[in-house]
Amino acid sequence: MTTDPVADYLTRIRNAVAANHRVVEIPASNLKKEITKILFDQGYILSYKFEDTTAQGSIKIALKYDKLTKDPVIKNIQRISKPGLRKYAGANELPRILNGLGIAIVSTSHGVMTGRQAQAEKVGGEVLCYVY
C-alpha cells in the first residue's frame, strides 16, 4: 500500500512515457479515474479503459505520441500538493502553466477539474498536479 496513491499514479505514467510504452496499467480509485478523464479530455492520452476484474479494479491508459517525431505528448507531469504539505489555491490564485499551454488539475468542492474550469466556476481547491 502506498501512502500517496496520486503520486504513484503520476510516477507510473512518467515512467511509462520515459520507457516509450504504449499502455500503462494502474490500480484504480475514484480520484485516479477523474484525473484520467481530464487527461483524456485535454488530449494528453489516447484512450483509457476502466477494468473491474479485481476488487480494486485497474485503469489501462494508452499513451499518446506525436505521429511525426514520435515524442510523447506528456512532456512533464508533476505532483504539487503532497500528503505532508498540501497546496491550496483560491479561484483567483490558480496557476497558469507555461502561459496556458499546460494544465493544473485541481480537486475542488465541485469535483476534480482543470485550473481553467475552476476559475470559470469561481472555485478554488487543492492543486494536485501540473501537466504539460
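Leaving aside neighbours within four places in sequence, with which residues is V73 in contact? In this predicted model, V73 is in contact with G43, Y44, K64, Y65, D66 and Y132. The briefing below begins with the sheet, continues with the helices that pack on it, and then turns to individual residues. The sheet is open and consists of 3 strands in the order β1-β3-β2, with antiparallel pairing.

**The sheet**

- The edge strands are β1 (23–27) and β2 (45–51), each of which pairs on one side only.
- From one strand to the next, the twist averages 20°.
- Strands β1 and β3 run antiparallel and are joined by 5 bridges.
- Strand β3 (residues 58–63) also runs antiparallel to β2, and 6 bridges join these two strands.
- As a general matter, strands of a sheet pair through backbone hydrogen bonds, either parallel or antiparallel.
- Strand β3 is largely enclosed by the rest of the structure, because 5 of its 6 residues are buried.

**Partners across the strands**

- P27 stands opposite S58 in β3.
- F50 faces another residue of β3, standing opposite I59.
- S47 has A62 as its bridge partner in β3.
- A hairpin is formed by β2 and β3, with 6 residues between them. In the turn, G57 has a positive phi of about 85°.

**Helices against the sheet**

- Helix α1 (residues 5–18) lies across β1 and β3 and runs at about 165° to β1.
- Helix α2 packs on the sheet as well, touching β1, β2 and β3. The direction of α2 makes about 155° with that of β2.

**K32, in helix α2**

- K32 is found in helix α2, which spans residues 30–41.
- K32 counts as buried because its relative accessibility is 4%, under the 20% limit for that class.
- Neighbours within four places in sequence aside, K32 is in contact with P5, Y9, I26, P27 and I59.
- A polar atom of the K32 side chain lies 3.1 Å from the backbone oxygen of P27.
- K32 and T69 are 37 residues apart in sequence, and their C-alpha atoms are 29 Å apart in space.

**S58, in strand β3**

- S58 has its place in strand β3.
- With a relative accessibility of 8%, S58 counts as buried.
- The side chains of S58 and E25 are joined by a polar contact of 3.2 Å.
- Not counting residues up to four places away in sequence, S58 touches E25, I26, P27, A28, K49, F50 and E51.

**V73, in a loop**

- V73 lies in the loop between β3 and β4 (77–79).
- V73 is partly exposed, with a relative accessible area of 27%; this class lies between the buried limit of 20% and the exposed limit of 50%.
- In sequence, V73 and Q117 are 44 residues apart. In space, the C-alpha atoms of V73 and Q117 are 21 Å apart.

**Points to retain**

- P27 appears in two settings: P27 stands opposite S58 in β3, and the backbone oxygen of P27 lies 3.1 Å from a polar atom of the K32 side chain.
- I59 likewise appears twice: F50 stands opposite I59, and I59 is among the residues in contact with K32.
- E25 is one of the residues that S58 touches, and the side chains of S58 and E25 share a polar contact of 3.2 Å.

Methods:
Residues are numbered from 1 along each chain as its sequence is written. This is a predicted model: local features need pLDDT of at least 70, side-chain atom pairs count only at pLDDT 80 or more; totals for chains, interfaces and linings use all residues. Side-chain values use heavy atoms; hydrogens and water are left out. Helices (H or I, at least four residues) and strands (E, at least two) are DSSP runs, numbered from the N terminus. Buried means under 20% relative accessible area, exposed over 50%, partly exposed in between (1.4 Å probe, protein chains only). Contact means heavy atoms within 4.5 Å. A polar contact is a pair of N or O atoms within 3.5 Å; within protein, one must be able to donate a hydrogen and the other to accept it, and residues adjacent in sequence count only if both atoms are side-chain atoms. Two strands pair if DSSP finds at least two bridges between them. Axes are lines fitted to C-alpha atoms, for helices over the stretch in contact, and angles run from 0 to 180 degrees between N-to-C directions.
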